[in-house]
Amino acid sequence: MKATRIVLKVSNITINSQQIHEIDENSETKISTLEIDKIYETAEYFFIKLKSNQSVIIPKLKTANVDLLKTELESIADERHILFIEMKNWKWK
């Protein structure tokens, strides 16, 4: 049986048209927006799925300006020809 690795951490994330910049207490990560495969929006989260099959999960409750973040993610999706999928009724099972 294949093991699944889940990493949960609190970090500060800055997103612009070129990269996702993530800083937590132990590390700093820069991910090119060219690595984004799809972006999902649910009622409570943004999921940025990467081509490596990893995801950056951003809780809306911990986001200073959800509307600004959504606008930036939609702009990235449009610019990079990435699917932006709204799933407002999605829930954790």
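In which strand does Ile-57 lie? In this predicted model, Ile-57 is found in strand E6, and this residue makes a convenient starting point for a walk through the structure. With a relative accessibility of 41%, Ile-57 counts as partly exposed. Together with Trp-90 and Trp-92, Ile-57 makes a nonpolar surface patch of about 320 Å².

Ile-57, Trp-90 and Trp-92 also appear in the lining of the second largest pocket, whose volume is about 190 Å³. The other residues of this lining are Tyr-40, Thr-42, Phe-47, Lys-49, Ser-55 and Met-87. Sorted by character, the lining holds six nonpolar residues, two polar ones and one charged one. Strands E4 (36–42), E5 (45–50) and E6 (55–59) each contribute at least two residues to the lining.

Between E5 and E6 runs a loop, and Asn-53 has its place there. Is Asn-53 buried or exposed? Its relative accessible area is 58%, so Asn-53 is exposed. Asn-53 and Ile-36 are 17 residues apart in sequence, while their C-alpha atoms are 9.5 Å apart in space.

The next topic is charge. Side chains of opposite charge can pair when their charged atoms come close. A search of the whole structure finds five salt bridges. One of them joins Lys-49, a residue of the pocket lining, to Asp-37, with an N to O distance of 3.3 Å. Because Lys-49 lies in strand E5 and Asp-37 in strand E4, this pair ties together parts that are twelve residues apart in sequence. Lys-49 is partly exposed at 22% relative accessibility, and Asp-37 is likewise partly exposed at 28%.

A salt bridge also links Glu-41 with Lys-88, where the closest N and O atoms are 3.2 Å apart. Here Glu-41 belongs to strand E4 and Lys-88 to the segment after strand E7 (83–87), so the pair ties together parts 47 residues apart in sequence. Glu-41 counts as buried, at 2% relative accessibility, whereas Lys-88 is partly exposed, at 39%.

Lys-70 and Glu-86 form a further salt bridge, with 3.6 Å between the closest N and O atoms. Since Lys-70 lies in helix H1 (residues 66–80) and Glu-86 in strand E7, parts that are 16 residues apart in sequence are tied together by this pair. Lys-70 has 18% relative accessibility and counts as buried, while Glu-86, at 44%, counts as partly exposed.

Which residues are linked in a network of salt bridges? The network consists of Glu-41, Lys-60, Lys-70, Glu-86 and Lys-88.

How values were computed. Residues are numbered from 1 along each chain as its sequence is written. This is a predicted model: local features need pLDDT of at least 70, side-chain atom pairs count only at pLDDT 80 or more; totals for chains, interfaces and linings use all residues. Side-chain values use heavy atoms; hydrogens and water are left out. On a 1 Å grid over the protein atoms alone, a cavity is a set of points where a 1.4 Å probe fits but cannot get out, and a pocket is an open set with protein on both sides within 12 Å along at least five of seven lines; lining residues have an atom within 4 Å of a point. Grid points are joined across faces, edges and corners, and a volume is the space filled by probe spheres set on the points. Helices (H or I, at least four residues) and strands (E, at least two) are DSSP runs, numbered from the N terminus. Ala, Val, Leu, Ile, Met, Phe, Trp, Tyr, Cys and Pro count as nonpolar, Asp, Glu, Lys and Arg as charged, and the others, Gly among them, as polar. Patches are made of residues with over 30% relative accessible area and no salt bridge: like charges are joined within 9 Å, nonpolar side chains (Val, Leu, Ile, Met, Phe, Trp, Tyr) within 5 Å. Accessible areas come from the Shrake-Rupley method with a 1.4 Å probe; for residues, only the protein chains shown count as cover. A salt bridge is a side-chain nitrogen of Lys or Arg within 4 Å of a carboxyl oxygen of Asp or Glu. Buried means under 20% relative accessible area, exposed over 50%, partly exposed in between (1.4 Å probe, protein chains only).
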